[in-house]
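Q: Could you take a close look at one chain of this model for me? Then please set that chain beside the rest of the assembly.

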Amino acid sequence: MQQPAFDEGKYKFFDVNWDAPMNTVSGITEWSRDINDVYGLTTWITVVVFFAVAIPLIVTLVKFRDKNDGTVPKQFHGNATLEVMWTVIPVVLLLFIAVPTWRVLFKHAHVPEGALEVEVIGHQWWWEFKYPQNGKIITANELHLPEKTPIHFKVWSADVIHAFWIPKFGGKMDANPTAFNEDGTPRRYNSLNFMTPAVADAGKKGGDMYQGQCTQLCGASHALMRFNVVIHTKDEFESWVKNAYTPPKVETTLAQAGEQVFARCQACHTIAGTPSEQIPGQKIGPNLTNFGNRKYLGAGTRLNTQENLATWLRDPSSVKPGALMPAGLVNEEEITQVSSYLRLSTVKSF
Amino acid sequence: MAKNLPKTGLISWLTTVDHKRIGILYALGSLFFLIVGGLEAILMRTQLIAPNSTFLTGDIYNGFVTMHGTTMIFLVVMPLSAAFFNYLVPLMIGAPDVAFPRLNALSYWIWLFGACLLNTSFLVQQIPAVGWFAYANLTEKQFNPTHSVDFWVLGVQVVGLASLIASINFFVTIINMRCKGMTLLKMPLFVWTTLVTQVLLFLSLPVITVALVMVSFDRTFGTGFFNPGAGGQVVMWQHLFWIFGHPEVYILILPAMGIVSEILATFARKPLFGYTVMVYSSCAIGFLGFAVWAHHMFTTGLGPWATALFSAATMLIAVPTGVKIFNWISTLWGGHIRFTTASLFAISFVAMFTLGGLSGIMHSSPVIDTQHQASYFVVAHFHYVLYGGAVMGLFGGIYYWYPKVTGRIMNETIGKLQFWLYMIGFNLTFFPMHFLGLEGMPRRIYTYASDQNWNFWNFCATMGAYVTAIGGALFFVNMFASLKFGKKASDDPWDGRTLEWSIASPPPEYNFAKLPEVTQLDDWWHKKYTHDGKRLTPPKQPVVDPKTIHLPNQSFWPIVLAGGITCIASGFVVPANGLYISIAGVALTVASTFGWAYEEP
Amino acid sequence: MSDAAHAHHTTTGIENRKFAMWVLIASECFLFGTLIANYLVNKARSISGPTPQEVYKIDVTTLSTFDLLMSSVAMVLALHYCKEKELRKFQFWTFMVVLGGLIFLGFQYHEFSTFVLHDGLGLSTNIFGSSFYLLTGCHGAHVTVGVLWMSSILITSLIKGAEWFNSEIVEVAGLYWHFVDVVWIIIFTVVYLFVYV
């Protein structure tokens, strides 16, 4: 039985909300502001052209209706001056769109100096994030970034084509599958570069958690392949980096039992500091280190509550059609145990 | 044998080589699939009416997305355009039939069988769910192990073959079978847009043929064309697909542009404004159409230089497209405009296509496109040009030429009601999609959360779909009821300008008792009116004994050969013994070819 | 009008079927162009398996290319004698076209089986192999169709004798044959001669 995909939120039939999670016109980063500048200019030009078409059309339809008197109008064939005018003027208008476009395109095409490198790997149907410059951090579905820092995203996919998009920050980039070198690095990847916004700005427009979503059809649960971005102050980010890839502190008996259950999950999942790290190669499932820290589960679709986690563990494909994780891997008692282990948290939740 | 086939009844339709009958067959087939594609859309919109719906989820929804797009493009707009090419081109150029009548029939049956092959996927519940453009490597066996993708690949391959064969036929017909005096620049604009469309078809279809074979081989024989692990590249599929795919969109729009040009000139009672420019701009669109494909790939990591070049070419192609809009308005300006259902659809084409063209300009800028790509903004754009444009134009054509084909006029009251329901429904569905795109709603998602601010516009869009459905139902009622109850039509009920209005409605099987001789563009109009608008009496068609006119014989080889080709394709989608079925198909195809070659035409 | 009557008048003066063949040739240029482009992109991208330098035997391929060229000469002669209505010479040279085509196909079969059995290069061994077989296989299929066509022309002539000199059909078949030959010249150059480019 297919469950509704998302937690039921506040359903508002009609709302005007420019700060909605996926809105593209908010202009929080410099890149999205540049895009909106080009877009604004283009919109004005198209509005002008629209009226240049609509007004003559409407006037014509009103003024030249057939009067049913059997007469035939003057049969003229063309007008060279008009033809030249309405060929040349559009070319000029297009230049007004083209030149700013190319300026912005080349401005954001190179990797900025001192950029923080983040690797983004698409999987069916979750996002893997790696921070090669900050130790060995591997995380999934929740992207933590420092404010006012240029980021160089290296984007690729482990299976089919996905696309990485955070609408409020700017445009998207396809995550293409690639062959791999001997050391596991991708032969080819796409680059996406931009500067993150300031936390102060971020707070004004929709909080500090931004939504992203996959935008390239990638299979049954393409609609449910979301992720969230958290913008931190530089200090907060330092502290996040310190704790992001630390092993869980198992202190209760319930959690200990959960640790035993998790041993069965290590073929597909990894948690830092556990034997699961010894198993080499790319794993099918997301890295679950600090899972308790994440606001959402299921790639940004459900809140990370005990109940949602239990529903997932019972039958993942009822939450996400086609999910590669089979149902019935754990019984009810094991669900309670492993949930308690997984939801151990090292830093406060956001 | 061919000489003794019955001239009436089912067999006469199955063995027909008459371009007019083939045109009717294409029209009926495509209108059937319009209902199929429309139902697919209604079901999708029903799923999206509210957030978190579980009506159609996961790959079932993705299957509908795929089939809706594939059906509307290959099984509705292309064959419906072909219906017009078939029926009208020989009449408009004063020819007795197309260059290769049996080849013409072959195209139809290949198309019909290919359409059935594609839709068999529903019957065996292996619906392709990879989108109408089937990006590799989602199409690899690893990610789609059932035959669903094979149904799509072979279905498109087969219907593509039908178009390829027809394009050669029509190109030769238009260039080589014009009546005396009809130089190229005296042909009706519809014949010109048809000509350019055929060139686009026979040059672009081979490219997708290769790409489809590559996917098929990856899935069936384990080659690695689109498998990065084997050295292949997924982006190669996108390049090959869009080198076909972009000319394809001009293939979809040019026929409707030609139809609209004819309708507007007739109902304004004035010649098409700037005929020569319209001809050259159609050719320019065709030529430039091959230079812009990568604007569908702005976010695939081409690099800024390639991106900038393709963006420039895309903006450039807007110019010949845009001048047409002004030419159409100028055709109406100064005319005596009659508002019939046909002219309403043609006028709405001008308006809706403009809107679609303007949103296209927006995403011709890769900077803007980086936000628009794969969002509902693009869905809005292409529906405005393909539905508000091509489909509306084609409906106009149906209302306009129905009297010529059937001898009756479609009911104008129901027609105008359908038109308004379509306009309201269409705009209610697709205008809000611009907003949904700006609000970040991606394409091809089967559901969405309730806090995304997408609820209201999705609801509107679904309501629009239901309104359109009512209009669609009215259309079919009108089309069939008018056959019996419609007002009888004269030879020239609209006071038209082109040669098809100079013969009876419906025309005799041989078309022209005596092949016409023309001296100018819109020759038929000039036989009815002097240059200052005084009425003349046009010459009537001479009376001839039909038995003295030799017509090509009917033949059953086209339908049999089409069966052979489909048999070859079927081998790829059956659960077992596919190889033997394909081999049997090859044998039938080869045998039919010989039977055809040695038959008396 | 029947196909026979069309011979009377066309707007360009070129017979319909000949014109159609030119259009088909234009279309096939894009078909082979795509296959050749795909080959050029992929020939050096294999992860493992045989490379072009390892498997090509240019001395043998030169022979097969020469054979196909000679079959085109035979085609020219066949058409000439058809127009001249010299039955035996027409039939002889048509037979030489068929023979040339069959010999070419024989060479292709030999090359493919050597690659598969001796060099371990099958259809799905690596991407170079897949691209190579796709291109040359498609060309070979076109040669096969040509051989069937010329064979049926030969057989028709043998059966009907001196009353059947349909030079229009022979000319159209000749156009097709020459096109398939030209494609092979391009393939020979781009695939075999450009091994080190």
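How many helices and how many strands are there in chain C?

A: Chain C has six helices and zero strands; helices (H or I, at least four residues) and strands (E, at least two) are DSSP runs, numbered from the N terminus. Before going on, some housekeeping. This is a predicted model, where local features need pLDDT of at least 70 and side-chain atom pairs count only at pLDDT 80 or more, while totals for chains, interfaces and linings use all residues. Residues are numbered from 1 along each chain as its sequence is written, and chains are lettered from A and ligands numbered from 1 in the order in which they are written.

Reading chain C from the N terminus, the elements go α-α-α-α-α-α. Its C-alpha atoms fill a box of roughly 60 × 35 × 25 Å along the principal axes. Buried residues (20 or more other C-beta atoms within 10 Å of their own, with C-beta atoms placed from the backbone) account for 35% of the 197 residues in chain C. Take the contacts in chain C (C-beta atoms within 7 Å, placed from the backbone) between residues at least 6 apart in sequence: 81% of them join residues at least 24 apart.

Helix α5 of chain C is worth a ruler check. It covers residues 127–160, which makes 34 residues, and at 1.5 Å a residue they should span 50 Å; the expected span is 1.5 Å times one less than the number of residues. The end C-alpha atoms of that helix are 49 Å apart, so the two values agree. Right after α5(C) comes Gly161(C), with a positive phi near 70°.

Chain C also turns up in the largest nonpolar core, which has 321 residues. A nonpolar core here is a set of buried Ala, Val, Leu, Ile, Met, Phe, Trp, Tyr and Cys residues joined through C-beta atoms within 7 Å. Ala78(C) is one of the members that touch the most others, and Val77(B), Ile110(B), Val158(B) and Ala211(B) are on that list too. The largest share of this core, 23 residues, comes from helix α7 (residues 234–268) of chain B. Leaving out neighbours within four places in sequence, Ala211(B) is in contact with Trp237(B), Leu240(B) and Phe241(B). Apart from this core lies another one of 18 residues, including Tyr296(A), Val319(A), Val338(A) and Tyr341(A).

Now for chain A, as a backdrop. Chain A has eight helices and twelve strands, and its C-alpha atoms fill a box of roughly 95 × 50 × 40 Å along the principal axes. Its radius of gyration is 26 Å, whereas a compact globule of 350 residues would have one near 20 Å; that radius is taken over C-alpha atoms, and the globule rule is 2.2 Å times the number of residues to the power 0.38. Buried residues make up 43% of the 350 residues in chain A.

Finally, the place where chain A meets chain B. The contact takes 83 residues from chain A and 82 residues from chain B. On chain A's side, α1 (30–63), α2 (80–107) and β7 (172–175) each supply at least two residues, and α2(A) gives the most, with 13 residues.

Methods
Buried ≥ 20, exposed ≤ 12 C-beta atoms within 10 Å, placed from the backbone. Contact = placed C-beta atoms within 7 Å.
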